[in-house]
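Let's take a walk through this one, from helix packing to cysteines to aromatic rings. Have the viewer open as you read.

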Amino acid sequence: MGSTPKNVIAALTAALLWAFAFVAPAAVQPASELLLVTGRYSLFGLCGLYVLWRGRKQLKLMPVRRVVFGLWIGFVGYFIFYVCVSYSATMDSGFITAVVVGSSPITIAVAGNFAEKRMPWRELIAPVVLIIMGLGLLSVSDLISGKNLEGANDSIFAILLAIGAMLTWSYFVVRNAESQRTWETKPDPTLWAGLVAMGAGGASMVLLPFAIASTPPETFEPYPLFKIIAWCVFLGVIASWWGTLIWVKAAQGIPVPLVGPLLATETIFGAILSLPVENRLPTWSEVTGALFVLAGIAVYMLFDVKNSRLRVRGSRDAEGDGNKKADASEVPAPT
């Protein structure tokens, strides 16, 4: 099925919903970051639990090791990922966190290239260098803007947390794709999404009482409490679950080379949405660093599109050669 404006609009809608994850940590203060994470994924996990209950007969047929693996990558790729994002965004800036996490296509490409070579290694040099330069600029942006050393140290630690989020998300994407590609029997997509959701939700439900106990008392006044509940419902049910379903359906009608650029819009949306919440404009060093990161992603995607077209052309040529051989074998030999 070809790409249609409807598919693209749906994919952009999903990316926008996901982008609110970078805004929420600052929006719910003084609530603790852990309360946001555990509240969000407890609701997400309940959605997964409902799906698993409905598909319990299929779930019983799935090997235990695959069930455990689904729970594990959900825990790492969702729960640990968003813990890093939340603390990074509140320690420094949702803008910077969104930009750093947005460079994950490159780490995914590097890791994925070891498992299944999609492009020559030399073509990854330029994107990696551009992103490293961008991350370097973002890391020292507070020093350049004249902040004190303590504030700059917090900013660097926040960058490290954002890099941790980028790496955990990359691990999730690569390992999930690798498992789906190598397993002989593919799990039902909805059931698999339920397992991943339960992996994130299980850890959240265990830590939710601790998160509530460690939250400042003023959070439980009517307005702050309503705000944190609203954000948890929005992120857990609408952004995480509904957004994922929108994306899965939209991606079926979008060419593979267009998927990367559409996913990258989450970063752009996240960075843009973070600035009004923080009530500021980005500094010139932040803008420059973000442009370097986006340039690295753009260069990688250009190479990826080129290689995707070459692979498609090669497969068509191979099919054509096969047809020619079949036609020749059907011609009777002279007697």
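What follows looks at one helix pair, two cysteines and some aromatic rings.

Keep in mind that this is a predicted model.

**A pair of helices**

Two packed helices are described by the angle between their axes and the distance between the axes. Take helix H3 (residues 33-54) and helix H11 (residues 189-213): their axes come within 6 Å and cross at roughly 140°. Angles over 145 degrees would count as roughly antiparallel, and H3 and H11 are therefore oblique to each other. Their crossing is left-handed. What sort of residues make up the contact of H3 with H11? They divide into 20 nonpolar, nine polar and no charged.

**Cysteines**

A disulfide is a covalent bond between the sulfur atoms of two cysteines. How many disulfides does the structure hold? The count is zero. As for where the cysteines sit, Cys47 has 18% relative accessibility and counts as buried. Cys84 is buried too, with a relative accessible area of 13%. The cut-off behind both calls is under 20%.

**Aromatic rings**

A pair of aromatic rings is described by the distance of the centres and the angle of the planes. The count here comes to 16 aromatic pairs. One of them is Phe75 with Phe79, a stacked pair with ring centres 5.7 Å apart and planes at 15°. Both residues lie in helix H5 (residues 64-91), four residues apart, or about one turn of the helix.

Then there's Phe81 with Trp169, where the centres are 5.7 Å apart and the planes are at 45°, making the pair tilted. Phe81 lies in helix H5 and Trp169 in helix H10 (residues 149-182), so this pair ties together parts that are 88 residues apart in sequence.

Are these four residues buried or partly exposed? Here's how each comes out:

| Residue | Relative accessibility | Status |
|---|---|---|
| Phe75 | 25% | partly exposed |
| Phe79 | 4% | buried |
| Phe81 | 13% | buried |
| Trp169 | 26% | partly exposed |

So the stacked pair joins a partly exposed Phe75 to a buried Phe79. In the tilted pair, Phe81 is buried, while Trp169 is partly exposed.

Which residues form an aromatic cluster with Phe81 and Trp169? The cluster consists of Tyr41, Phe44, Tyr78, Phe81, Tyr82, Trp169, Phe172 and Trp241.

How values were computed
Residues numbered from 1 in each chain as written. Predicted model: local features only at pLDDT ≥ 70, side-chain atom pairs only at ≥ 80, totals over all residues. Heavy atoms only, no water. Axes fitted to C-alpha atoms, helices over the stretch in contact; angles between N-to-C directions. Helix = DSSP H or I, 4+ residues; strand = E, 2+ residues; numbered from the N terminus. Parallel < 35°, antiparallel > 145°, perpendicular 65-115°, else oblique. Left-handed = near helix turned anticlockwise from the far one by under 90°. Nonpolar A, V, L, I, M, F, W, Y, C, P; charged D, E, K, R; others polar. Disulfide = S-S within 2.5 Å. Buried < 20%, exposed > 50% of the residue type's maximum accessible area, 1.4 Å probe, protein only. Phe/Tyr/Trp six-rings, centres within 6.5 Å; stacked < 30°, edge-to-face > 60°.
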